[in-house]
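Here are some short exercises to work through with the model open in your viewer. Try each task before you read its solution.

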Amino acid sequence: MSGGQTIRWSRMSLEELQSFWAEKIEPDLERSGVDLTERPSYRQVADAGYSGIAYALREHHDMTLTDFLATVGYEEPESSASYQWGIEDESTIDELESYLETLERRRQLATSTVQTKQSRLATYARIYREVHEEANLVDRAADPANESDEIRRALVVFDELNYELGTDASKLRYLSDVGQFYEHLERRAKAAFNPVERIDEEYNWSREEPDNAALTGRQVSRLDDAADSQSEELVVLALCAWGLRRNEVAALHTSQLVLEGDDPHIAFGDERKNGPGTVALIYGTSKLAARIEQLDEDSGWSGYLFPSSRSASGHITGETVQARFQRLAEDAGVRVQGDLPTSKMGRRFWYTTYNQAMKNLRENLDVIAAEQGSSDSSVVMKNYLSEEERRQYRREFMREQLAEVFEG
């Protein structure tokens with residue numbers, strides 16, 4: 001009922017509903033302060049007194065409210081509006097789609113990554129509906145009094161997933177995606193708790209860390225080839241050739257760079273986690289200098305290598321570095337264990353490459369050791385080379401390894 005009159009929703013054709021939307025609902029929403037430049041949510045429509053339209057669309061026209069809104073001008077390019085969630089709860093559908101839009105627009109995740117998360121969330125929501133009759137995930141998580149019951153309901157869903165999914169790794173990926181959705185709701189003050197926060201403690205799932213895997217030299221070459229801007233090239237260099245963490249990449253500033261002389265490096269000072277305060281720039285300084293020259297053309301440049309005018313810090317976030325790296329991986333067709341690689345895999349590539357360079361160095365020193373009557377190359381390293389010479393040899397062999405990857 002709206003305005004004291006009963007609306008005969010079930011008697012309206014789709015065309016009549018569209019006309020009713022334009023002539024009655026939309027003006028009322030606007031008077032209520034709803035910003036109609038964006039697709040209105042089910043909650044906004046319901047608050048205006050028109051919740052009955054969702055039921056009529058579902059029962060008589062096989063459409064969700066989101067599907068219907070696409071027919072009256074609210075479908076956005078490349079949006080997930082047409083995705084079939086397989087559930088009826090409009091509030092949950094709204095929030096799921098809002099979450100995916102956040103992943104695309106703000107976190108700038110690769111399209112394939114968003115689609116994978118969408119599929120997992122839809123599977124969770126459909127199983128929830130099947131075992132609990134209604135997938136009203138958002139409303140149930142909004143009330144703190146529901147926490148105990150909702151944890152129990154979530155456990156029932158994961159009991160099903162535990163039976164259906166083949167590996168512990170896939171079960172944990174589902175848990176991670178569902179958990180992140182609830183965390184999104186908590187940040188928006190639309191959920192009072194996260195019902196799946198500790199569910200992994202209920203199962204004996206083995207948490208294999210995919211980030212322990214490293215990119216191969218061929219994969220890094222493909223990432224570098226896929227980079228079509230100085231910014232993208234620098235992301236690959238910083239992660240794979242310099243071994244930086246993604247947050248360190250995001251916050252790189254010219255004040256940290258020493259490019260002159262025989263020892264180009266990045267200075268981090270005492271704040272660097274679990275590592276030396278400086279990182280040698282063994283390879284890629286010419287591209288770094290070119291990036292600085294490009295940015296320096298802007299008179300308002302703050303000195304950050306990855307500036308952001310929208311961020312209070314003045315630079316992009318580590319999550320944005322991750323997103324850009326994964327977009328490159330998607331463009332290059334690079335995957336590790338079936339998934340897009342993480343930025344940490346670039347850092348691990350640096351370690352494996354450095355270890356290989358040290359192996360090559362030791363093999364070369366074995367010849368010298370044999371001439372000195374020793375079977376141990378470490379004797380040559382320690383007794384016959386100065387610290388400066390040892391450092392020089394290490395860097396030369398590492399530079400050769402990196403050149404094979406980036407120039408081969």
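A nonpolar core, as used below, is a set of buried Ala, Val, Leu, Ile, Met, Phe, Trp, Tyr and Cys residues joined through side-chain atoms within 4.5 Å. Please keep in mind that this is a predicted model.

**Exercise 1. The chain as a whole**

Task: Describe the secondary structure of the chain and state what share of its residues count as buried.

Solution: Begin with the secondary structure, which comes to 17 helices and 3 strands. Next, take burial: 46% of the 408 residues count as buried. Finally, look at contacts with a separation of 6 or more: residues 24 or more positions apart account for 64% of them.

**Exercise 2. The nonpolar cores**

Task: Find which residues have the most contacts inside the largest nonpolar core, and which elements build it.

Solution: Step one is the core itself, a group of 52 residues. Those with the most contacts inside it are Leu215, Leu223, Cys240, Trp242, Leu244, Leu305 and Phe406. Step two is to ask where the residues come from. Two or more are given by each of helix 10 (217-226), helix 11 (230-241), helix 12 (246-250), helix 13 (285-296), helix 14 (318-332), helix 15 (343-371) and helix 17 (387-407). Helix 11 gives the most, with 8 residues. Step three is to look elsewhere: a second, separate core has 39 residues, including Leu96, Ala122, Leu161 and Ala191. As background, nonpolar side chains tend to be buried together in soluble globular proteins.

**Exercise 3. Helix 11**

Task: Explain why helix 11 is described as largely enclosed by the rest of the structure.

Solution: Use the cut-off first: a residue is buried when its relative accessible area is under 20%. Of the 12 residues of helix 11, 9 are buried, so the helix is largely enclosed by the rest of the structure. Among those buried are Ser231, Leu234 and Cys240. Then follow the chain out of the helix: Gly243 comes after helix 11 and has a positive phi, near 70°.

**Exercise 4. The second largest pocket**

Task: Work out what kinds of residue line the second largest pocket and where the pocket lies.

Solution: Start with the space, about 740 Å³. The pocket is lined by 24 residues, and the closest to its centre are Glu38, Arg39, Ser41, Ser98 and Lys190. Sorted by kind, the lining has 14 charged, 6 polar and 4 nonpolar residues. Helix 2 (42-47), helix 5 (90-105) and helix 7 (137-142) each supply at least two of them, and helix 5 gives the most, with 8. Lastly, domain 1 (1-79) and domain 2 (87-204) both give residues to the lining, so the pocket lies between them.

**Exercise 5. Three residues to inspect**

Task: Decide whether Asp139, Glu133 and Ala189 are buried, partly exposed or exposed.

Solution: Asp139 is in helix 7 and has 37% relative accessibility, so it counts as partly exposed. Not counting residues up to four places away in sequence, Asp139 touches Arg43, Asp89, Ser91 and Asn146. Ser91 is 48 residues from Asp139 along the chain, yet their C-alpha atoms are separated by 7.6 Å.

Glu133 sits in the loop between helix 6 (111-132) and helix 7. With a relative accessible area of 72%, Glu133 is exposed. Its phi is positive, near 75°, although Glu133 is not a glycine.

Ala189 belongs to the loop between helix 9 (168-187) and helix 10. Ala189 is exposed, at 68% relative accessible area, and has a positive phi of about 60°.

Technical notes: Residues numbered from 1 in each chain as written. Predicted model: local features only at pLDDT ≥ 70, side-chain atom pairs only at ≥ 80, totals over all residues. Heavy atoms only, no water. Buried < 20%, exposed > 50% of the residue type's maximum accessible area, 1.4 Å probe, protein only. Helix = DSSP H or I, 4+ residues; strand = E, 2+ residues; numbered from the N terminus. 1 Å grid on protein atoms, 1.4 Å probe; cavity = no way out; pocket = protein on both sides within 12 Å on 5 of 7 lines; lining within 4 Å. Points joined across faces, edges and corners; volume = space filled by probe spheres on them. Nonpolar A, V, L, I, M, F, W, Y, C, P; charged D, E, K, R; others polar. Domains from an automatic or database assignment. Contact = heavy atoms within 4.5 Å.
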